[in-house]
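Colleague: Please take a close look at one helix in this model and follow it outward into its surroundings. I would like the packing first, then the core and any enclosed empty space.

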Amino acid sequence: MTVRGTLPAQTTTFIGHSGVLADTEALLRRSRLVTLTGTGGAGKTRIAVETGRALAGAFQHGAWRVRLSGLKDPAALARTVTTELRIVDNSPEPGLGRLVESLHDKHLLLVLDGCEHLLDAVRHLVHHLLRDCEGLTVLATSREPLGVYGEQALRVPPLSVEDAAELFLDRAEAAGPADVATLCRAVERLPLAIELLAALPAGVVPHQAEPATLEQVLEWAARHCTEEERRLWARLSVFPADFDLAAAEAVADADVREPLSALALRSIVATATSPITGETRYRLQDTVSQFGARLLGDADEVLRRYAVHYSEFVHEAADSWFSPDEALWMGRLWEEWPNVRAAAGYALRTRDLAATGAVMAMNVQRARFTSFAGMLGQASDLLAAAREVITEAPLRTSLLAHGAYMAQVRGDAAVAFLLMSEARALPRLPITDVHLVLAEATHLFFVEGSPDCVPLYAHIVEQCRPYASPGDTYITELMHAMATCFLLDAEAADKATTALARQAENNGVNWSHAWGLWHRGLYELLHGDPAQVHPLVVEALRIQLKLGDTWSAPFSLWLLACTCAELGALDRAARLLGALRSQERVSRISFGGMRPFHLLLDRADRTVRRSLGDDYQVITTLGADLRPEQAMAFALEPVPDSERRPARPLLPGGLTRQEFTIAGLVAEGFTSKQIGARLYISPRTADRHVVNIRVKLGLPSRGALAAWHRTASGER
């Protein structure tokens, strides 16, 4: 958590309720749970936001607001709070665990806004958070108290007559009526009702008014809307969060610029400028939205258009993320995520839209947003929900294959195996087959460490190129190059690595560029000069952190830890190993579940443990105790020359490490077939290496090579 909070920017003046604001601040200084209660439209949200803004500086980790009004599923509460707090949550198991783990040592103010429809779930969440997170303070808004031990409930009263009149005149489009105070009293001095009245055109607001409830004010505002505006108001009520013009037009099935502007002028729709696109975003206040839903009546057709629009949006995001606009797409997905999640949920609950929802769940994974943002838990939830309703192949086969691949790249072989076992038994179409073959290849790579995965990946790349998106194709090319580097010889690894780096240079995609640098570092560690690795991977990590890519960063930390061990920077390697273990727990990536990664990491760990002795545990613990941002800052530091061991002398004959190893196997009497089996390369490749080594050394036969190696080994 590096962001200091998520309180919205102030766009209008805050008028009135100064006494309530002071009381709220005072209560929060002596109580860890304060709930603002009161009727809809009383101003609870605005007071909570103003209080959070005033007190944010008093909390080391800031003030964070979570809007709950659009959340319908109580089971998703913990996930929603985790997401809004920008906490990495890749766990396939929903619950409080990840939230508590992240907040237990934080000092922050959590504003839970709009709790009344989720009282039981919020009560359970707040109870556990306050019990296990000593530095946490909660400010809630609800129409009734939460009922948690230690809660201080503060009812938000209507505005004073003077403040109500000031608010009316501040918001009024034109000069107000003769007796503003009388009008404000008539609407019970509720801020929302006053703002709605003040936004009406001059001449519409009466000079005198009978007592009116907020409901009556809303009815009055609706009567003074055109039929087109009322219809739009009703249809916009399906949005659980803010939305853009394209989404409004999709659910309304019409050009809505004029009626939308009219609703905004009347304070029925609130507006804000997107920091991502610079375009206007719209939102209905909760009470206004609830009234609009009653105007809508039968919402099915509008919700269908809502689901289809966001399905198309996610499909476009999945096809477009691998482009120079990747940062823009990640930002847009952040803004639209509550709508995406709600639309997918509605589609999966609707029989004839279930397939749309299932494809949407897979496209969420394809868009890589949940990987970047550390929200793989929610992606897993969507895929699991889709598997609950999609029971027939070939769509179910694709869902199983997607789930298996997601588990594999987390290092969770057990879950992947169960999903793959079912998928293998189901019918498939060509596109489904590609998904399943990708999972099969990744099983060979990560679980078995078999070079047989390399031709499988190459086959998938060829299948993807004619019809798949550039991003989907590149992911497979990346896996192919990675497997080649780990499992084949230096020549093949160099060819694959160079091709990957060249592609990154040409496509202008920062994510691709970072992985190209990372892959060149991997090649140098395995087949070349380890001294070249560190600057390559540090630059890759810088790009990943700038992009906010929480998924890729642990892979860079892994490579830096292995490299420092190889370079002899043992204290630094030990600290990075400790930090990596914490990152594995946070990101839910298990390098122990990916055989090639595990073997290299285990070698590094044994080297460091053997060299440091009793200091090993102390130093790795220091690394494990670093907060994520501290760990990444440490990883970015250059390795001082004083921490490096002296460079090894060149191997005899100018051979690489792999070439000298092959010469040694020849000296031991190994055949090319046996060398291939030992080094995970083909017999033909092994034989070609032997010939190349002989040519390099000017030797006429394998026997001469064996004799040379015995002599060279004796000289070393």
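Modeller: In α26, the buried residues (buried being under 20% relative accessible area, exposed over 50% and partly exposed in between, with a 1.4 Å probe and protein chains only) are Val533, His534, Leu536, Val537, Val538, Ala540, Leu541, Ile543, Gln544 and Leu547. The model is a predicted one, in which local features need pLDDT of at least 70 and side-chain atom pairs count only at pLDDT 80 or more, whereas totals for chains, interfaces and linings use all residues. Residues are numbered from 1 along each chain as its sequence is written, and side-chain values use heavy atoms, with hydrogens and water left out. Helices (H or I, at least four residues) and strands (E, at least two) are DSSP runs numbered from the N terminus.

Helix α26 covers residues 533-547, and because the expected span is 1.5 Å times one less than the number of residues, its 15 residues should span 21 Å, which agrees with end C-alpha atoms that are 21 Å apart. Just after α26, Gly548 takes a positive phi of about 75 degrees. The buried residues of the helix pack against α15, α17, α25, α27 (553-567) and α31 (628-636), where contact means heavy atoms within 4.5 Å.

One of these partners, α27, spans 553-567, and Trp558 touches Phe486, Trp518, Leu522, Leu580, Phe591, Phe597, Leu600 and Leu601, leaving out residues up to four places away in sequence. The largest nonpolar core (a set of buried Ala, Val, Leu, Ile, Met, Phe, Trp, Tyr and Cys residues joined through side-chain atoms within 4.5 Å) has 152 residues, and those touching the most other members are Leu236, Trp511, Trp518 and Trp558. A second, separate core of 33 residues includes Val81, Leu112, Ala121 and Leu129.

Turning to empty space, a cavity is a set of points, on a 1 Å grid over the protein atoms alone, where a 1.4 Å probe fits but cannot get out, and its lining residues have an atom within 4 Å of a point. Grid points are joined across faces, edges and corners, and a volume is the space filled by probe spheres set on the points. By this rule there are 2 cavities of 30 Å³ or more.

The largest cavity has a volume of about 330 Å³ and is lined by 19 residues, of which Arg368, Tyr405, Val409, Ile475 and Trp551 lie nearest its centre. At least two lining residues come from each of α17 (369-372), α19 (395-408), α23 (470-487) and α25 (510-527), and α23 gives the largest share, with 4 residues. Two of these helices, α17 and α25, are also among the elements against which the buried residues of α26 pack. Counting Ala, Val, Leu, Ile, Met, Phe, Trp, Tyr, Cys and Pro as nonpolar, Asp, Glu, Lys and Arg as charged, and the others, Gly among them, as polar, this lining has 14 nonpolar, 3 polar and 2 charged residues.

Within α23 lies Thr473, which is buried with a relative accessible area of 7% and which touches Val461, Cys464, Arg465 and Ala468, again without residues up to four places away in sequence.

The second largest cavity, of about 40 Å³, is lined by Thr80, Thr83, Glu84, Trp334, Trp337, Pro338 and Arg341. Two or more of these residues come from each of α3 (77-84) and α15 (326-349), with α15 giving the most, 4 residues. Helix α15 also brings us back to the start, as one of the elements against which the buried residues of α26 pack.

Note on methods. 1 Å grid on protein atoms, 1.4 Å probe; cavity = no way out; pocket = protein on both sides within 12 Å on 5 of 7 lines; lining within 4 Å.
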